[in-house]
Amino acid sequence: MAVQNQPQHHPRFRLPSFHRTGTAQAATATTAATTATRAYAFASLRLLTGFVFLWAFLDKTFGFGYATPSGKGWIDGGSPTKGFLSSVAAGPMESTFHDWAGAGWANWLFMLGLLGVGVALVAGVALRLAAVAGTAMMALMWIAEWPPAKHLSDGTLSMSSNPFVDYHLVYAVVLIALAAAGAGVTWGLGKVWATLPIVRDHTWLK
């Protein structure tokens, strides 16, 4: 009589793979650190850019003696747009900008734009609106300076350092990037702003 030996299955004791677990934890920690670093970088960029707009508003309003001489501020009767727009000397909208220079509506729109964009960026709220308004302002200022021009309307050299890219274009891209990245949450009121009923119902207000 043949006796068949049945294979016996013994449960095996497996030690946990510390290498695999450690690698996963390290990858998670690295991802978290990268995300946090990115958030802080965008928040810093947002605050610095916001201060650029906010300072321009304050200096033009009160005449702190930097770009706007003391006693020439908006509250002193000075015009925030007259000096810049009346000096436009190149581009397709040269005569139009001369007509706008010093106009009351132009002063108000320009100053409200600076204030609105500056406050929105510093507070971290309404970044999409700030991006739209700020980009429109930067586009108009880019046209006013008209970097593509090699010569001004009087024939002198424009001294343009680049025929396309200047700081107005860079600011516009920064505003769009901040809005796209939702940069108002870190060091800002973006999270609180997003919970407001009107903002939840109208996402374009974020």
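Helix α4 covers residues 104-123. At 1.5 Å a residue, its 20 residues should span 28 Å, and the end C-alpha atoms are 28 Å apart, so expectation and model agree. The model is a predicted one.

Much can be read from the buried side chains and glycines of α4. Its buried residues are Ala106, Asn107, Phe110, Met111, Gly113, Leu114, Val117, Gly118, Ala120 and Leu121. Just after the helix comes glycine 124, with a positive phi of about 80°.

Two residues of α4 lead to other parts of the model. Take Leu121 to begin with. Leu121 is buried, and threonine 49 touches it. Threonine 49 sits in helix α1. Is threonine 49 buried or exposed? Its relative accessibility is 5%, so it counts as buried; the cut-off for that class is under 20%. Leaving aside residues up to four places away in sequence, threonine 49 also touches Tyr171, Val174 and Leu175. Those three residues fall within the range of α6, 167-181.

Phe110 leads to the pockets. The largest pocket has a volume of about 910 Å³. Its lining has 38 residues, and those closest to the centre are Lys60, Pro80, Phe84, Phe110 and Met141. Which elements give two or more residues to this lining? They are α1 (18-62), α2 (82-86), α3 (94-100), α4, α5 (127-145) and α6 (167-181). The largest share comes from α5, with 8 residues. By class, the lining divides into 26 nonpolar, 7 polar and 5 charged residues. Lys60, one of the residues closest to the centre, belongs to the charged class.

The second largest pocket holds about 180 Å³ of space. It is lined by 13 residues. Nearest its centre lie Leu127, Gly182, Gly184, Gly190 and Lys206. Here α5 and α7 (190-194) each supply at least two lining residues. The largest share is that of α7, at 3 residues. The classes are 7 nonpolar, 4 polar and 2 charged. Helix α5 thus appears in both accounts: it gives the largest share to the lining of the largest pocket, and it supplies at least two residues of the lining of the second largest pocket.

Now the aromatic rings. The structure holds 12 aromatic pairs. In one of them, tyrosine 40 and tryptophan 187 have ring centres 5.2 Å apart and planes at 20°, so the pair is stacked. The stacked class takes planes under 30 degrees apart. What does this pair tie together? Tyrosine 40 lies in helix α1 and tryptophan 187 in the loop between α6 and α7, so the pair links parts 147 residues apart in sequence. Tyrosine 40 is partly exposed, with a relative accessible area of 43%.

Another pair is edge-to-face. Phenylalanine 97 and tryptophan 100 lie 5.6 Å centre to centre, with 85° between the planes. They are 3 residues apart in helix α3, so about one helical turn separates them. Their accessibility classes can be set side by side. Phenylalanine 97 is buried, with a relative accessible area of 2%. Tryptophan 100, at 26% relative accessibility, counts as partly exposed.

Aromatic residues also gather in a group. Phe51, Trp55, Phe62, Phe64 and Tyr66 form one aromatic cluster. Of these, Phe51, Trp55 and Phe62 fall within the range of α1, 18-62.

Definitions and conventions
Residues are numbered from 1 along each chain as its sequence is written. This is a predicted model: local features need pLDDT of at least 70, side-chain atom pairs count only at pLDDT 80 or more; totals for chains, interfaces and linings use all residues. Side-chain values use heavy atoms; hydrogens and water are left out. Helices (H or I, at least four residues) and strands (E, at least two) are DSSP runs, numbered from the N terminus. The expected span of a helix is 1.5 Å times one less than its number of residues. Buried means under 20% relative accessible area, exposed over 50%, partly exposed in between (1.4 Å probe, protein chains only). On a 1 Å grid over the protein atoms alone, a cavity is a set of points where a 1.4 Å probe fits but cannot get out, and a pocket is an open set with protein on both sides within 12 Å along at least five of seven lines; lining residues have an atom within 4 Å of a point. Grid points are joined across faces, edges and corners, and a volume is the space filled by probe spheres set on the points. Contact means heavy atoms within 4.5 Å. Rings of Phe, Tyr and Trp (its six-membered ring) pair if their centres lie within 6.5 Å; planes under 30 degrees apart count as stacked, over 60 as edge-to-face and the rest as tilted.
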